[in-house]
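Let's take a walk through a protein model together. Have a look at the picture first, and then we will visit a few places in turn.

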Amino acid sequence: LPEGYDDDPKSGKSYPVIYMHDGQNLFGDGFGSPKGWHIDQIADELIKAQLCEPFIIVGIPNSGVGRLSEYTPIDALPNVTPGGAEYLQFIIQQVKPRVDRNFNVRASAASTFIGGSSLGGTISIYAATQYPDVFGGVLAESPSLATGKAGAWDAYLNGPVRGWPERWYI
């Protein structure tokens, strides 16, 4: 939560929100990762420098051994059953409604972002192009689009995309 979030709960102030994958690596050094994002510290620095408005970060941890499947939405990796569509339904039907109910967020697509790195960036691109009415922005750090089955992502991006979000950070 941004600094000052709890100062005046009756203020009516609401915040944009970003849903981030690999939640166990976002706020500190995570499991199986040499270095975490420390995204809370980076967000505080950006906000204090007035480079962005205060926002809420929702970290969603991966399931460990199932990470490849849950972050792969199309048949793009050999020997990996795509489970990304189901994972996104979990976010859209369970996580986001709970956050919308319990936190002072702006629930509109224009104020809702999704992001991650590597396969987290890949599933973020898929989420934003399948649900642009839910996610108005995407952060995709080094998305894994050129691995596995050649052309799978080209075929997806040139085919069943439902729309494009307004804001992209790649």
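Our tour begins at Gln50, which sits in the loop between helix 1 and strand 2; helices (H or I, at least four residues) and strands (E, at least two) are DSSP runs, numbered from the N terminus. This is a predicted model, where local features need pLDDT of at least 70 and side-chain atom pairs count only at pLDDT 80 or more, while totals for chains, interfaces and linings use all residues. Residues are numbered from 1 along each chain as its sequence is written, and side-chain values use heavy atoms, leaving out hydrogens and water.

Gln50 has a positive phi near 60°, though it is a residue other than glycine. Is Gln50 buried or exposed? Gln50 counts as exposed because its relative accessible area is 72%; buried means under 20%, exposed over 50%, and partly exposed in between (1.4 Å probe, protein chains only).

Asp22 is not a glycine either, and its phi is positive at about 55°. You will find Asp22 in the loop between strand 1 (17–21) and helix 1. With 8% relative accessibility, Asp22 counts as buried.

Back in the loop between helix 1 (39–48) and strand 2 (56–60) lies Leu51. Leu51 has a relative accessibility of 65%, so it counts as exposed.

Now for the lining of the largest cavity, a cavity being a set of points on a 1 Å grid over the protein atoms alone where a 1.4 Å probe fits but cannot get out, with lining residues having an atom within 4 Å of a point. Among its lining residues are Thr72, Leu119 and Trp153.

Key:
1 Å grid on protein atoms, 1.4 Å probe; cavity = no way out; pocket = protein on both sides within 12 Å on 5 of 7 lines; lining within 4 Å.
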